[in-house]
There are 2 protein chains.
Amino acid sequence: MDDQPRASQTVRTLLQLRELILNGDLSPGERVSELGIVERLGVSRTPVRVALVRLEEEGLVDCLPTGGFVVRAFSEADIADAIQLRGVLEGMAAQRAAERRLSRDELSDLRDVVGSLDALVRQRDLTIDDFSDYIRLNDRFHGLLLHLADSPVLKRSMERVLSLPFASPGAFVRVQAELPESREILVIAQEHHRAILDAIENGEGSRADHLAREHSRLARRNLDISVKNQRQLDRVPGASLIRLRRA
Amino acid sequence: MDDQPRASQTVRTLLQLRELILNGDLSPGERVSELGIVERLGVSRTPVRVALVRLEEEGLVDCLPTGGFVVRAFSEADIADAIQLRGVLEGMAAQRAAERRLSRDELSDLRDVVGSLDALVRQRDLTIDDFSDYIRLNDRFHGLLLHLADSPVLKRSMERVLSLPFASPGAFVRVQAELPESREILVIAQEHHRAILDAIENGEGSRADHLAREHSRLARRNLDISVKNQRQLDRVPGASLIRLRRA
DNA sequence: TAACGCCATGCTGTATACAATAAGAGCGGC
DNA sequence: GCCGCTCTTATTGTATACAGCATGGCGTTA
């Protein structure tokens with residue numbers, strides 16, 4: 001429980017409250033009582049309030065007109081929209097990266113990540129650990145893309161969307177680590193990564209944009225597969241995904 | 001001062017604090033003292049804190065590692081990025097609107113707005129009131145686009161960017177109501193609006209996307225003109241724009 | 001029996017008190 | 001004379017007390 005005894009109450013409360021929502025301990029639509037959280041987390045109302053306001057801005061809870069907050073319920077359409085939005089933003093990032101003059105280091109960083117991903121995907125059998133590595137490298141690739149875009153405004157906006165848990169492709173990959181489609185999807189994704197790198201190296205901004213958007217359709221496909229195969233999204237889409245993610 | 005005696009303290013504080021920042025009463029980089037605001041607005045620390053947290057999420061202030069907040073300083077590059085980002089998001093909205101099945105009412109609403117804008121722009125001499133009307137209709141057009149996209153996620157994201165004051169083309173138009181370039185820009189903008197409407201009517205999503213992005217380059221041009229003509233952006237870009245906006 | 005109204009309870013919004021910490025000024029030593 | 005240390009002060013983080021309000025249950029009446 002006391003994961004971070006050093007952190008301030010506010011930060012700890014924010015993190016724990018987010019966990020609570022993401023884990024489904026607080027169901028979507030459920031009203032979040034300040035006092036209830038106070039009891040649960042053992043802090044006073046003040047940090048809880050701040051955390052709730054932040055989560056509201058983050059989009060995980062909505063505030064009621066009468067006062068107080070409820071856990072926000074996400075529909076499958078919301079998830080799909082977030083994926084699309086993420087793709088669009090990443091397209092902008094890729095385009096900017098391609099049209100910018102990149103330093104030698106920046107380029108080699110990106111090449112390294114793609115190279116590592118290549119090596120990983122080329123393996124015949126992928127263990128669960130390989131999947132973990134893939135996710136880490138994949139996150140690294142997308143983080144690097146955002147960094148290379150060199151736009152704090154864009155970065156901020158992207159972080160907002162990523163804060164919606166389901167928009168992270170990592171979750172889907174995790175969920176589907178044992179699905180037969182998974183390997184194929186990884187291979188395709190890696191082809192995308194290579195293509196995006198190529199576009200950036202050649203300064204083809206428009207192509208980089210297009211490729212990044214196309215890449216996001218993979219996450220959309222993952223979503224569809226999840227819905228069909230596992231019926232995990234019946235009632236609590238975001239939450240169940242995340243629950244699986246940490247299982 | 002007591003603009004909204006009915007509203008809650010928190011909302012009033014948020015609005016007033018935002019005004020203070022946007023008007024430049026609090027300079028970028030300046031530390032925002034809670035007690036200072038308490039004195040200035042005559043409320044207790046609690047609503048001030050909440051307002052500051054919200055403004056931090058909104059991007060108008062940054063929180064210091066040591067605690068407390070400072071007014072965020074925006075560079076010209078930030079403004080340009082926000083304009084680009086806004087264009088990208090609006091492109092997504094336009095694309096979605098084009099690829100969606102729109103109701104008769106929705107379409108006629110959009111047509112009405114474009115029609116009104118047409119009538120306005122066709123006039124030979126534009127008074128300052130005409131400019132105000134233009135801005136209102138222009139906002140309406142862009143708001144409608146966002147509505148037609150039918151994506152709460154996208155809407156939320158867009159609102160975040162729009163909250164950066166400078167990203168609103170209205171401010172620029174206002175600033176430049178008497179500049180010789182203004183009329184020309186309005187005419188071009190209106191051509192864009194018509195083209196976007198046309199693309200949506202014909203279900204050409206990709207074209208709508210492209211047009212909307214192109215449209216945002218107008219705002220970028222406005223920014224450049226502002227910088228060159230008036231040197232308003234020397235030190236306090238966002239703030240000075242807004243200051244002019246209400247002059 | 002059903003509907004209306006009143007009362008009680010629990011909630012949030014707001015204010016303020018307390019504690020810990022960081023910054024700054026002043027003094028002392030080197 | 002300058003650097004460093006300490007003490008003071010101001011400011012934030014946290015907790016809690018108070019008030020207003022919405023909600024829900026219960027009783028009464030038509």
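**Interface between chains A and B and their contacts with DNA strands C and D**

Across the interface of chain B and chain A, 10 salt bridges are found in this structure, which is a predicted model. One of these joins the side chains of B:Arg96 and A:Asp81, with a distance of 2.9 Å from N to O. Between chain B and chain A, 16 residue pairs are in polar contact, both members having pLDDT 80 or more. On the side of chain B that touches chain A, the elements giving two or more residues are α3 (45-58), α4 (76-99), α7 (152-162) and α10 (205-230) of chain B, and the largest share, 10 residues, comes from α4(B). By residue type, this side of chain B divides into 12 nonpolar, five polar and 12 charged residues.

The contact takes 29 residues from chain B and 29 residues from chain A, and the two chains bury about 2800 Å² between them, with 50% of this area on carbon and sulfur atoms. Of the area that chain B buries against chain A, 22% is supplied by B:Arg54, B:Glu57 and B:Val153, which is more than any other three residues contribute.

The arrangement of the two copies was examined by superposition. Chain B can be laid on chain A with an RMSD of 0.2 Å by a turn of 180 degrees, accompanied by a shift of 0.1 Å along the axis. The two copies are therefore related as by a two-fold rotation axis. The same surface serves both copies, in that 100% of the contact residues of chain B recur in chain A.

The surroundings of the two DNA strands were then considered in turn. DNA strand D is surrounded by 16 residues, of which A:Gln9, A:Thr10, A:Ser44, A:Thr46 and B:Arg49 are the closest. Of the atoms of DNA strand D that come within 4 Å of the protein, sugar and phosphate account for 58%. Phosphate oxygens of this strand are approached from both chains: a backbone N or O atom of A:Gln9 lies 2.7 Å from one such oxygen, an N or O atom in the side chain of A:Ser44 is 2.8 Å from a phosphate oxygen, and a backbone N or O atom of B:Glu34 lies 3.1 Å from a phosphate oxygen. The elements that give two or more residues to the surface near DNA strand D are α1 (9-22) and α3 (45-58) of chain A, together with β1 (31-32), α2 (34-41) and α3 of chain B. The largest share of this surface, three residues, comes from α3(A), and its residues divide into three nonpolar, eight polar and five charged.

Around DNA strand C there are 17 residues, and those that come nearest are A:Arg49, B:Gln9, B:Thr10, B:Ser44 and B:Thr46. Sugar and phosphate make up 60% of the atoms of DNA strand C that come within 4 Å of the protein. In chain A, a polar side-chain atom of A:Arg49 lies 2.6 Å from a phosphate oxygen of DNA strand C, while a polar backbone atom of A:Glu34 is 3.0 Å from a phosphate oxygen of the strand; in chain B, a backbone N or O atom of B:Gln9 lies 2.7 Å from a phosphate oxygen of DNA strand C. Two or more residues of the surface near DNA strand C are given by each of β1 (31-32), α2 (34-41) and α3 of chain A, and by α1 (9-22) and α3 of chain B. Here the largest share, three residues, comes from α3(B), and the residues of the surface comprise three nonpolar, nine polar and five charged.

Key:
Residues numbered from 1 in each chain as written. Chains lettered and ligands numbered in written order. Predicted model: local features only at pLDDT ≥ 70, side-chain atom pairs only at ≥ 80, totals over all residues. Heavy atoms only, no water. Least-squares fit on C-alpha atoms with pLDDT ≥ 70 in both. Contact = heavy atoms within 4.5 Å. Buried area = accessible area lost by both parts, 1.4 Å probe. Salt bridge = Lys/Arg side-chain N within 4 Å of Asp/Glu carboxyl O. Polar contact = N/O pair within 3.5 Å; in protein donor to acceptor, adjacent residues only side chain to side chain. Helix = DSSP H or I, 4+ residues; strand = E, 2+ residues; numbered from the N terminus. Nonpolar A, V, L, I, M, F, W, Y, C, P; charged D, E, K, R; others polar. Near = heavy atom within 4 Å.
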